[in-house]
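Me: Could you pick a single part of this model and take a close look at it for me? I'd like to know what sits around that part and how the rest of the fold connects to it.

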Amino acid sequence: YPNPFNPETTISFSVTQTSSFVTIDIFNLKGQKIKLIPVNLSGVEGERHIYTVTWNGTDENDQPVASGIYFYQLSVDDKVIASKKCLLLK
């Protein structure tokens, strides 16, 4: 939220903390990965928590990306758990 967004969006998700390696990957419409957002899980082992990360509309080089549709994937231990799309409007 918000979706569409400008200049940043917050991605919320819920996982059972059984892994220490969780990432959010951002892709453009061509399927190219433009940003990797590592997630720091904190909480009690085995409990379900809601986590959030913020994407500020930049790529890996901290350069602003163009307006358009982007996809983000939640991965736990290199396994894709969920995929969603978002819209950046400038």
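**The turn from β5 to β6, and what lies behind it**

Reply: D78 is found in the loop between β5 and β6, and D77 is in that loop too. Strands here are DSSP E runs of at least two residues, helices are H or I runs of at least four, and both are numbered from the N terminus. Keep in mind that this is a predicted model, where local features need pLDDT of at least 70, side-chain atom pairs count only at pLDDT 80 or more, and totals for chains, interfaces and linings use all residues. Residues are numbered from 1 along each chain as its sequence is written, and side-chain values use heavy atoms, with hydrogens and water left out.

Start with the backbone. Most residues other than glycine have a negative phi, and most peptide bonds are trans. D77 goes the other way, with a positive phi of about 50° although it isn't a glycine. D78 isn't a glycine either, and its phi is positive at about 65°. As for cover, D77 counts as partly exposed because its relative accessibility is 48%, while D78, at 66%, counts as exposed. The cut-offs are under 20% relative accessible area for buried, over 50% for exposed and anything in between for partly exposed, using a 1.4 Å probe and protein chains only.

Step back from the loop and you reach S75, which is in β5. S75 comes out at 6% relative accessibility, so this serine counts as buried. If you skip residues up to four places away in sequence, S75 touches F21, V22, T23, D25, V80 and I81; a contact here is heavy atoms within 4.5 Å. Going forward instead, I81 lies in β6. Leaving out neighbours within four places in sequence, I81 is in contact with L74, S75 and V76. For a sense of reach along the chain, I81 and V15 are 66 residues apart in sequence, yet their C-alphas are 9.6 Å apart in space.

Now for the sheet that these strands belong to. Four strands make an open sheet in the order β3-β2-β5-β6, with antiparallel pairing; two strands pair if DSSP finds at least two bridges between them. β3 and β6 are the edge strands, each with a single partner, so one side of each has no neighbour in the sheet. Across the sheet from your loop, β2 and β3 pair in the antiparallel sense over six bridges. There, D25, one of the residues that S75 touches, stands opposite L36 in β3, and I26 stands opposite K35. These two strands also form a hairpin, with five residues between them, and G31 in that turn has a positive phi of about 85°.

I26 is a handy link to the inside of the protein. Residues up to four places away aside, I26 touches I11, Q32, K33, I34, K35, I37, W55, Y70, F71 and Y72. The largest nonpolar core has 21 residues, and I26 is among those with the most contacts inside it, alongside F13, I24, W55 and Y70. Such a core is a set of buried Ala, Val, Leu, Ile, Met, Phe, Trp, Tyr and Cys residues joined through side-chain atoms within 4.5 Å. β1 (9-16), β2 (22-27), β3 (33-39), β4 (48-55), β5 (68-76) and β6 (79-88) each put at least two residues into this core. The largest share is four residues, and it comes from β5, the strand that leads into your loop.

Two of those core residues are also an aromatic pair, one of three in the structure. W55 and Y70 meet edge-to-face, 5.5 Å centre to centre with 70° between the planes. Rings of Phe, Tyr and Trp (its six-membered ring) pair if their centres lie within 6.5 Å; planes under 30 degrees apart are stacked, over 60 edge-to-face, and the rest tilted. W55 is in β4 and Y70 in β5, so this pair ties together parts that are 15 residues apart in sequence. W55 and Y70 are both buried, and ring pairs link them with F5 into a cluster.

Finally, the wider view. The protein has zero helices and six strands, and 38% of its 90 residues are buried. Among contacts between residues at least 6 apart in sequence, 57% join residues at least 24 apart. One more backbone oddity sits elsewhere: the N6 to P7 peptide bond is cis, with omega near 5°, and P7 lies in the segment before β1.
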